[in-house]
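Reader: I am new to this structure and should be grateful for a close look at one part of it. Could you please describe the spaces enclosed within it, and then follow the surrounding elements to the side chains that pair with one another?

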Amino acid sequence: MEAAWAMPEPGLMVIEAPMGEGKTEAALAAAEVLAHRFGCGGVFFGLPTQATTDAMFGRILKWIDHLPTDDLHVGASLALIHSKAKLNPQLSELRGGPASRGIDIDSGERGRDRAEVASRAMVHSWMQGRKKAVLASIVIATVDHLLFGALRSRHLALRMVGLMGKVVIVDEVHAYDTWMSTYLHRALEWLASVGTPVILLSATLPSRQRRELVEAYTGNSAGEDSPSETGYPRITTATSAGSEVVVPDPANEPVEVRIEMGGFGGDAEVVALIEEVADRQGCVLVVRNTVRRAQATARVLRDVFGPDVVTVSHSQFLAVDRARKDRELLSRFGPPGASTRPPFHIVVATQVVEQSLDVDFDLLITDIAPMDLILQRCGRLHRHERERPPRLRTPRCIVVGYSIETLDFPGSERVYGRRALLASLAVIEAKGSVVLFPQDIPGMVDLAYGEPPIPPGWHEAWREATERASKEQEQARVNSRTFCIAPPDHRSISGWGSATVGDPESDSRALAAVRDIDPTLEVIVVVADGDTWRTPDWIGEGAGLVVPQDRPPSSTRRRRSVCVSLGVGSTTTFRPSRPRRSDMALFIELHALQTVPPSNINRDDTGSPKTAIYGGSRRARVSSQAWKRAIRVDFERRLDPAASGVRTKRVPALLRDAIVAIDPALSDRAGTLAETAVEAAGLKLEKSRRKDVADDALRETGYLVFLSRRQIARMAEMVVANRDESDLAKALKSAGIRRVADQDHSFDIALFGRMVADQADLTVDAAAQVAHAISVHAVDNEFDYFTAVDDQNSEEETGAGMIGTVEFNSSTLYRYATVNVDGLYENLGDAGATAAAVEAFIESFVRSIPTGKQNTFAHGTLPQAVVITARTTQPINLVQAFERAVVPVGEASRVEVAAKRLVETSVGIESAYGEAPERVWVVRSSDDAAPLDSLAAPSRLSDAASDVRDLVVQTLNADVADHD
């Protein structure tokens with residue numbers, strides 16, 4: 001208040017104070033002073049997210065309710081602006097009728113007693129339109145609506161008029177990246193030019209960023225802080241006349257917060273931490289940096305602690321569900337007296353909880369993040385005075401989601417960049433576990449965004465990360481200027497109406513222009529009920545309403561329907577608990593990490609182990625054909641012989657033996673009968689080209705033919721039944737011998753397909769794809785020089801009876817395969833057989849290994865880890881995880897690094913493309929593969945294969961029901 005009274009002219013005020021110390025209340029009090037002194041007629045309050053904007057709306061209502069009558073002019077209007085504002089229950093209540101002593105709803109009545117509404121703000125119907133809402137006296141909005149004031153867009157002048165004449169408050173100003181800061185700085189320049197006071201709020205603002213904001217508003221260069229200006233909390237005021245810094249006394253006593261390093265923090269480790277630290281008491285917040293990680297963690301925690309004890313909160317819920325969950329968070333974990341706090345509960349959330357939400361937890365487990373955001377998350381710890389469980393009376397934050405050995409950050413690096421995460425890790429390592437709040441906050445933030453203390457061995461990783469971050473920030477600065485308006489000292493505004501992004505209120509490209517994100521499209525989610533579309537049945541009011549298909553739904557039904565924003569060009573699958581539709585594919589994928597010792601399991605035409613160049617380095621390679629052959633051989637060991645097939649050119653000889661087995665009396669002419677039958681089936685025969693075959697031997701097919709043993713047996717039965725026909729070929733064709741060759745496929749034919757070059761109708765499309773296995777690291781082939789001694793040589797000589805060399809390598813391989821369940825079902829024609837074939841494929845894929853040079857190297861191993869996924873969109877090979885060859889750091893093994901890479905790639909693909917698997921199973925035999933536990937809890941191979949079999953049966957039976 002004193003700083004606001006001391007400002008000689010409209011200017012900039014930056015309030016920096018710890019989380020929960022009343023920055024919002026201070027800003028509103030200062031806004032009252034500034035509005036009174038400089039004749040401002042309202043307030044614009046900008047926040048980073050819809051959730052924080054909704055939470056602030058309720059606080060603003062209470063503030064309005066306590067404003068003196070003289071401070072709120074007659075007819076003052078109120079607006080809440082974000083894309084889901086109509087779902088806000090408080091706004092809906094106000095629009096439906098008076099709901100607060102200080103709020104009125106514009107009912108259109110005339111002649112109303114002015115004294116009756118003298119102290120009221122109105123939710124004015126005229127100002128509820130998309131373009132005019134910013135003209136309201138009091139505006140609570142997402143910060144985009146301030147940034148749009150610096151965007152070349154339609155109705156720009158109207159937006160600037162709405163901001164002028166108000167006190168503009170921007171919360172969580174540290175949260176805006178390089179791209180958004182371009183528009184924020186330009187908006188500050190324009191607000192300063194028209195004399196609009198601005199108040200910026202933050203708990204963790206780097207000093208460099210504060211100086212940039214002051215320079216943007218005043219146009220004057222801001223120097224380094226003097227020793228007397230480095231305290232915290234602090235209030236900086238800046239006008240054209242200069243700047244002043246006030247360092248008030250902290251509102252609360254210093255608090256020791258323990259920030260501990262928790263390592264990789266897979267789901268199993270999070271369970272152990274909660275069991276060990278919380279002992280099933282208190283309220284625990286687990287923050288994951290991606291929705292995928294949050295969902296996976298929540299599944300595991302629910303399995304352990306029960307579904308009623310675990311709540312999930314993230315940004316990708318349907319709008320109506322998101323609004324309800326935000327309300328539940330505040331009602332359960334808000335201030336004392338305003339919440340009904342459970343004795344033990346776990347909230348698994350993403351970044352939606354780290355800013356401007358007044359929620360209070362006893363223990364925090366968080367993925368690593370930039371330093372300021374970790375401290376923001378710590379602001380959710382012990383936020384209010386209340387009784388805590390004995391073991392949780394000290395605020396404690398455990399940072400997970402990293403590997404100190406390999407400097408990997410699964411799932412987080414794509415979100416925040418490697419430089420920021422390395423900096424956080426270095427600062428926390430250097431600081432130690434005890435952090436004094438609030439005194440240590442500015443120092444830790446400045447250190448992370450300046451020159452953090454990089455430990456020995458990190459310097460190369462730090463240099464690369466810093467260079468990349470600098471390039472990305474510069475590129476963001478350049479790209480963000482494309483649609484940014486000129487500064488206010490520009491001589492002309494001509495041309496601002498051209499090269500625009502359209503209307504910010506209706507065009508998602510505008511939001512993408514002020515934030516570094518892809519454009520989105522808002523859609524309404526409906527449930528198909530036969531030929532009728534209805535709103536989902538779980539949304540409460542408005543559930544089950546019929547949604548028209550021939551015209552846009554009415555505004556009421558749009559509001560009551562379930563809305564969600566999708567990235568333009570993205571694919572998103574919603575998975576309610578309903579039978580899968582028959583027009584959706586199901587793919588079962590297998591990803592394996594398997595180390596083989598020195599070996600030559602698959603060699604080229606020179607006898608060398610096969611290799612390939614990938615990611616610029618030479619890798620060991622095992623061809624898909626070699627491993628498919630090994631899988632088929634394992635089938636023969638594992639399955640009934642009748643369920644497997646034979647790949648051979650000697651089809652007539654095979655069929656001859658089957659004929660003789662049925663009727664030995666036909667042994668003399670069985671060969672001729674067999675050749676006639678094979679030709680009748682459409683397969684061309686030719687004399688064998690092999691030198692060791694007698695001249696009178698049966699002919700062979702010109703290429704390898706894949707036939708099941710059941711097909712061969714049925715062809716033999718047909719031949720025996722028609723053996724006395726004068727024209728056997730014609731009789732067999734009439735009996736449908738070609739059809740027999742295209743039915744009753746064996747598992748391996750149905751999985752791996754059959755190519756018949758000159759008879760396309762006999763071709764079977766493969767339902768399984770097996771990738772070439774490649775090493776996750778670079779390899780160099782080596783030579784083994786060997787000798788052999790002649791045991792029967794009685795002469796005394798030093799020479800060997802044999803000398804030779806064999807080439808070999810050793811490697812950790814990434815193997816991948818996928819099965820198209822629908823394609824397999826089409827080949828086999830039976831749901832049970834399809835499920836059994838998938839189960840057998842999983843077992844044989846895992847247990848098989850090619851046998852090349854096995855007597856020399858005895859290279860038989862099993863994978864250290866297998867990840868099995870079920871998808872309904874498309875198969876996704878994760879080999880890109882190893883485009884950069886694995887190089888272990890410290891004591892980490894190649895398998896450990898590779899496992900972390902797989903997790904990061906899987907999470908990144910889901911984050912970027914919305915490609916989330918339906919189910920995931922993890923099988924591992926080594927603790928080195930423990931990072932994979934963040935995808936799913938480990939299980940036995942037999943249990944996972946059985947689960948997959950059950951899923952296939954359920955899926956295919958649901959399809960049959962759909963068709964019926």
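Author: The account below begins with the enclosed spaces, turns to the charged pairs, and ends with a few individual residues.

The model is a predicted one. Rolling a probe the size of a water molecule over the atoms shows where empty space is left. When the whole structure is searched in this manner, four cavities of 30 Å³ or more are found.

The largest cavity holds about 90 Å³ of space. Its lining is made up of 13 residues, and those that lie nearest its centre are Ile601, Ala620, Arg621, Val622 and Asn809. Three strands each supply at least two residues of this lining: S22 (587-599), S24 (617-622) and S32 (802-820). By class, six of the lining residues are nonpolar, five are polar and two are charged.

The second largest cavity contains about 60 Å³. Its walls are formed by Arg292, His591, Val867, Thr869, Leu878, Leu902, Val903, Ser906, Val920 and Leu935. Two elements give two or more residues to this lining, namely strand S33 (865-871) and helix H29 (894-913). Helix H29 provides the largest share, with three residues. The lining of this second cavity divides into six nonpolar residues, three polar residues and one charged residue.

Helix H29 also leads to the matter of charge. Side chains of opposite charge can pair when their charged atoms come close. Within this helix, the side chains of lysine 900 and glutamate 896 meet in a salt bridge, with 3.1 Å from N to O. Because the two residues are four places apart in helix H29, about one helical turn separates lysine 900 from glutamate 896. Lysine 900 has a relative accessibility of 2% and therefore counts as buried. Glutamate 896, at 17% relative accessibility, counts as buried as well. Elsewhere, salt bridges that share partners join Arg341, Asp360, Asp362, Arg386 and Arg388 into one network.

One pair within that network deserves separate attention. Arginine 386 and aspartate 360 meet through their side chains in a salt bridge, at 2.6 Å from N to O. This pair links distant parts of the chain, with the two positions 26 residues apart: arginine 386 belongs to the loop between helix H12 (371-378) and strand S16 (396-400), and aspartate 360 to the loop between strand S14 (344-349) and strand S15 (363-367). Aspartate 360 has a relative accessible area of 0%, so it is buried.

Aspartate 657 and arginine 656 form a further salt bridge, in which the closest N and O atoms are 3.3 Å apart. Here aspartate 657 is partly exposed, with a relative accessible area of 44%. Arginine 656 is likewise partly exposed, with a relative accessible area of 30%. The structure as a whole contains 38 salt bridges.

The cysteines may be considered next. A disulfide is a covalent bond between the sulfur atoms of two cysteines. With a pair of sulfur atoms required to lie within 2.5 Å, the count of disulfides comes to zero. Cysteine 397 illustrates this outcome: it is in no disulfide, and the nearest cysteine sulfur, that of cysteine 378, is 3.9 Å away. The relative accessibility of cysteine 397 is 0%, so this residue counts as buried. Cysteine 40, at 14% relative accessibility, also counts as buried.

Two residues in strands complete the description. Threonine 237 lies in strand S9, which covers residues 234-239. Its relative accessibility is 12%, and threonine 237 therefore counts as buried. If neighbours within four places in sequence are left aside, threonine 237 is in contact with Ala3, Met7, Leu12, Met13, Gly242, Ser243 and Glu244.

Alanine 788 is found in strand S31, which covers residues 782-788. With a relative accessible area of 29%, alanine 788 is partly exposed. Alanine 788 and glycine 804 are 16 residues apart in sequence, and their C-alpha atoms are 8.8 Å apart in space.

Technical notes: Residues numbered from 1 in each chain as written. Predicted model: local features only at pLDDT ≥ 70, side-chain atom pairs only at ≥ 80, totals over all residues. Heavy atoms only, no water. 1 Å grid on protein atoms, 1.4 Å probe; cavity = no way out; pocket = protein on both sides within 12 Å on 5 of 7 lines; lining within 4 Å. Points joined across faces, edges and corners; volume = space filled by probe spheres on them. Nonpolar A, V, L, I, M, F, W, Y, C, P; charged D, E, K, R; others polar. Buried < 20%, exposed > 50% of the residue type's maximum accessible area, 1.4 Å probe, protein only. Salt bridge = Lys/Arg side-chain N within 4 Å of Asp/Glu carboxyl O. Contact = heavy atoms within 4.5 Å.
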